[in-house]
Amino acid sequence: MGSAPRPALREPSYFVLAALLGGPLHGYAVIKRVTELSDGRVTLAAGSLYSVIDRLLGEGLVTADGEEIVNGRARRYYRLTDEGCRVLTEEADRLAQAARVVMDRLPRRLTSQASARQPSTARIRPA
């Protein structure tokens, strides 16, 4: 018997993983990239980001990828693991399938609603 399906990623986790697709980033760069990728819908404060990163580190979806000192402060970089890439890909597929359920049905419904609203008699235009 197979393992239970993984629960859906929360939106901040999804976008943090997506931000790391391009390669390792430090925390502030992750915050900026998440905002860009989500068109401003997801904005993370530093504390929120590090809660997400800690959870993703614990799940083996991201890993620390070096550190540098900038202006006397440590800047830690994070990167996506192979498992993180797999989970992100599965979640993107799940979201795409869910969107198709709506998008494939939406035009028909809108078309049938528009037809239902049109009067069956011709309108007389004023001269």
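**Glu67 and its partner.** I began with Glu67 in this predicted model, and I noted that Glu67 is partly exposed, with a relative accessible area of 47%. I then looked for its charged partner and found that Glu67 forms a salt bridge with Arg76, the closest N and O atoms lying 3.0 Å apart. Arg76 is likewise partly exposed, at a relative accessible area of 41%. From there I turned to a network in which salt bridges that share partners join Glu83, Arg86 and Glu90.

**The sheet.** I next asked in what order the strands of the sheet lie. I read the order as β1-β3-β2, three strands in an open sheet with antiparallel pairing. The edge strands are β1, residues 25–26, and β2, residues 62–70, each of which pairs on one side only. I entered seven bridges between β2 and β3, the latter covering residues 73–80, and the two strands run antiparallel. As a point of register I wrote down that Thr63 stands opposite Arg79 in β3. Which helix packs on this sheet, touching β2 and β3? I found that it is α3, residues 46–58, whose direction makes about 135 degrees with that of β2.

**Salt bridges between distant segments.** How many salt bridges does the structure hold? My entry is nine, and I followed two of them between parts of the chain that are distant in sequence. The first of these joins Arg6 and Glu59, with 2.7 Å between the closest N and O atoms. Arg6 sits in the segment before α1 (11–19) and Glu59 in the loop between α3 and β2, so that I recorded a separation of 53 residues for the pair. I checked the exposure of both ends: Arg6 is partly exposed at a relative accessible area of 39%, and Glu59 is partly exposed at 36%.

The second pair is Glu11 and Arg41, whose side chains meet in a salt bridge at 2.9 Å, N to O. Here Glu11 belongs to helix α1, while Arg41 lies in the loop between α2 (27–37) and α3, 30 residues apart. Are the two ends exposed or partly exposed? Glu11 counts as partly exposed at 34% relative accessibility, whereas Arg41, at 56%, counts as exposed, because the class of exposed residues begins over 50% relative accessible area.

**Helix α2.** I then listed the buried residues of α2, which are Gly27, Ala29, Val30, Ile31 and Val34. What covers them? I noted that the cover includes α1, β1, α3 and β3. While following the chain onward I also recorded that Asp39, just after α2, takes a positive phi of about 55 degrees.

**A nonpolar patch.** My last search was for nonpolar surface, and I found a patch of about 340 Å² made by Val101, Val102, Met103 and Leu106. I placed Val101 in helix α4, residues 82–117. Val101 is partly exposed, with a relative accessible area of 46%, and that value lets Val101 count towards the patch because patch residues need over 30% relative accessible area.

Conventions
Residues numbered from 1 in each chain as written. Predicted model: local features only at pLDDT ≥ 70, side-chain atom pairs only at ≥ 80, totals over all residues. Heavy atoms only, no water. Pairing = 2+ DSSP bridges. Helix = DSSP H or I, 4+ residues; strand = E, 2+ residues; numbered from the N terminus. Contact = heavy atoms within 4.5 Å. Axes fitted to C-alpha atoms, helices over the stretch in contact; angles between N-to-C directions. Patch = residues over 30% accessible without salt bridge, like charges linked within 9 Å, V, L, I, M, F, W, Y side chains within 5 Å. Areas by Shrake-Rupley, 256 points an atom, 1.4 Å probe, with all protein chains shown as cover. Salt bridge = Lys/Arg side-chain N within 4 Å of Asp/Glu carboxyl O. Buried < 20%, exposed > 50% of the residue type's maximum accessible area, 1.4 Å probe, protein only.
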